[in-house]
Amino acid sequence: MPVAAKKWGFAAITLVFIILAALPLTLLVLRDPTESWKLTDTILSLLGIIESKDSSGSYKIDRGDLSVTLNLSSCHSSYGRPDLLVYCCPPKSLAEEPVIDFQFPDPSTTLRIRRPAHLVGRDFIAKYKKALLIMKSLPYSDPRSFRRQADMHCLFCTGAYDQPHSHRPVDIHHKWFFFPWHRMLLHFHERIVGSLIGDDTFALPFWNWDSPDGMAMPEWYMHSPFFDDQRDVSHFPPKVSDLNYDYEKTDENMENKERMHLNLVFMYNQMVSAAKKPELFMGCPYKNSEEGVCDGRGTLETAPHNTMHTWVGSNFNVRREDMGAFYSAARDPSFYAHHSNLDRLWEVWTQIHKVDLQKFDSDWLNSSFYFHDENSQLVRIKVHDVLDTTKLRYVYEEVDLPWLNTRPKPNSIPSKIANHTLKIKENITVLSAEIEPGDQNLNSSITVRVSRSKFNRRKVEKDVEEEVLVVHGIAVRIDEYVKFDVYINVVNESKMGPGFREFAGTFVHIPHGKMDGDQKTNLKFGISELLEDLEADRDESILVTLLPRTKSCTTTTIDGIRIEYMR
């Protein structure tokens with residue numbers, strides 16, 4: 001056969017193959033024209049040319065890049081609650097706006113100092129009031145307006161945007177984007193507030209609820225324009241906040257002094273004892289791939305973040321809106337003071353545990369999000385841009401950390417008696433840690449015997465590798481507020497609470513929309529220090545008790561409990 005004929009034959013076969021491959025994809029596009037990008041992406045992916053495309057439309061050749069960003073043209077309605085469809089998208093698609101990359105402020109500018117909200121003076125409140133009134137007067141078309149600012153939280157917390165070339169929603173909760181994304185939000189919000197009153201030194205206040213003097217909501221948030229009428233009136237100041245709040249079983253009549261002490265003990269657990277590794281404190285490592293999808297909140301996001309949102313929100317609303325629901329939370333001006341304190345505590349945590357996030361996972365560092373600055377310019381900013389607050393030109397006023405010295409005391413029962421009691425209990429009431437997936441609900445407390453593969457470890461080993469308790473495969477109804485507490489080696493069940501050393505941590509689920517409704521979540525706590533205090537670090541197994549705190553636990557199931565070791 002002539003060479004030319006062979007070439008034409010090969011070309012014909014190739015053409016037929018391409019047509020057959022492209023036909024079903026073409027039909028898909030005709031069925032749904034809004035997703036025309038699928039045809040191009042799929043063909044190029046089959047050829048091994050691309051992995052994804054950035055916001056400017058350029059294809060990324062590096063298939064190893066699993067950083068997260070968003071498809072600017074994908075904004076759509078999302079569920080604020082399973083029964084409530086909300087539309088928080090900007091009036092104009094962000095894909096139509098020019099984008100610039102984030103630039104650090106001039107390092108010679110004055111550092112802005114964020115102060116405790118209960119300590120600021122009248123002059124500061126007057127300035128902030130003026131700025132907020134201006135923000136609330138701006139039209140919704142202006143990205144600096146108060147409602148547009150509030151809807152930024154709605155967009156990224158209900159899954160209104162998708163990741164490029166997939167239907168995976170961009171949601172910054174329950175994963176390691178929780179802290180950096182909120183820092184970005186606060187940074188741009190703060191710059192906008194300052195620019196509206198011509199004050200480059202303006203800094204947001206923080207609600208210092210981890211210190212006794214700041215635990216009540218600052219009084220000036222009870223006055224316009226800082227007041228939000230969608231709050232729980234029973235929690236107005238001088239009511240001391242409950243950092244481990246559960247609106248079904250909490251003793252609202254507890255004395256303030258006792259509440260303050262419990263808050264401090266709880267903070268020690270969430271900041272120190274249970275949170276010695278980045279994943280434990282910041283949340284699970286979410287990446288841009290099917291295998292990289294995860295759902296696992298860090299200790300501080302679980303509480304006091306979730307619990308304080310619920311504590312502030314109105315008990316007259318279905319899901320305690322405003323603050324009690326993610327889609328509406330930022331409509332309450334106290335949202336920014338609440339998150340400023342969380343941002344401060346992220347900074348404190350890195351110092352306590354000597355964590356250098358600049359050398360952290362590259363996919364996390366390179367993940368990017370989009371915000372409007374004080375000039376209404378759309379800015380692309382990456383996680384690595386926000387790890388040094390001094391480069392952002394703000395710092396926090398130093399305050400005492402009273403919870404740092406409130407390590408819970410070990411059980412007063414002698415260890416021999418405690419061990420004997422636990423063995424008796426084990427023979428009577430303990431379940432196996434081998435649970436059929438979804439088979440164990442939490443309609444009542446359960447106790448599970450969990451084996452340990454490493455025990456009697458030396459201090460140097462514990463410093464390198466944290467022992468981690470994992471409650472895995474947690475399935476909840478997404479429209480329910482769910483809370484249960486976790487304890488280890490409980491001797492006296494009548495004495496279970498965060499004030500006791502047996503307390504390992506808590507699980508708190510805030511109701512949200514239908515995004516990832518079928519995905520199960522995991523709960524992780526560091527327990528090395530706790531086991532030392534209970535004199536259980538040499539034991540081959542421990543008894544783990546899950547104590548339901550809400551009625552919704554009757555429809556909550558788990559797949560099992562295990563121990564891991566985290567470096």
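A residue counts as buried when its relative accessible area is under 20%. That cut-off comes in handy for the cysteines of this predicted model, which holds 3 disulfides. A disulfide, to recap, is a covalent bond between the sulfur atoms of two cysteines.

Take the bond between Cys-88 and Cys-154 to begin with, where the sulfurs sit 1.9 Å apart. Both of these cysteines are buried. Cys-88 is found in the loop between E4 and E5, while Cys-154 belongs to helix H4 (residues 146-157), so this bond ties together parts that lie 66 residues apart in sequence. The torsion about the S-S bond is about 65°, which makes the disulfide right-handed.

Right beside Cys-88 in the numbering comes Cys-89, which pairs with Cys-75 at an S to S distance of 2.1 Å. Here the partners are 14 residues apart: Cys-75 is in the loop between strand E2 (59-60) and strand E3 (78-81), and Cys-89 is in the loop between strand E4 (84-86) and strand E5 (99-101). With a torsion of about -95°, this disulfide is left-handed. Cys-89 has a relative accessible area of just 3%, so it is buried.

Then there is Cys-284, joined to Cys-294 with 2.1 Å between the sulfurs. Both cysteines are buried, and both lie in the loop between H7 and H8, 10 residues apart. The torsion of about 90° makes this one right-handed. Counting the bonded cysteines in sequence order, the pairing reads 1-3, 2-4, 5-6.

What about Cys-157? Its sulfur is 8.1 Å from the closest cysteine sulfur, the one in Cys-154, and that is too far for a bond. Cys-157 is buried, at 2% relative accessible area, and Cys-553 is buried too, at 0%.

Technical notes:
Residues are numbered from 1 along each chain as its sequence is written. This is a predicted model: local features need pLDDT of at least 70, side-chain atom pairs count only at pLDDT 80 or more; totals for chains, interfaces and linings use all residues. Side-chain values use heavy atoms; hydrogens and water are left out. A disulfide is a pair of cysteine sulfur atoms within 2.5 Å. Helices (H or I, at least four residues) and strands (E, at least two) are DSSP runs, numbered from the N terminus. Buried means under 20% relative accessible area, exposed over 50%, partly exposed in between (1.4 Å probe, protein chains only).
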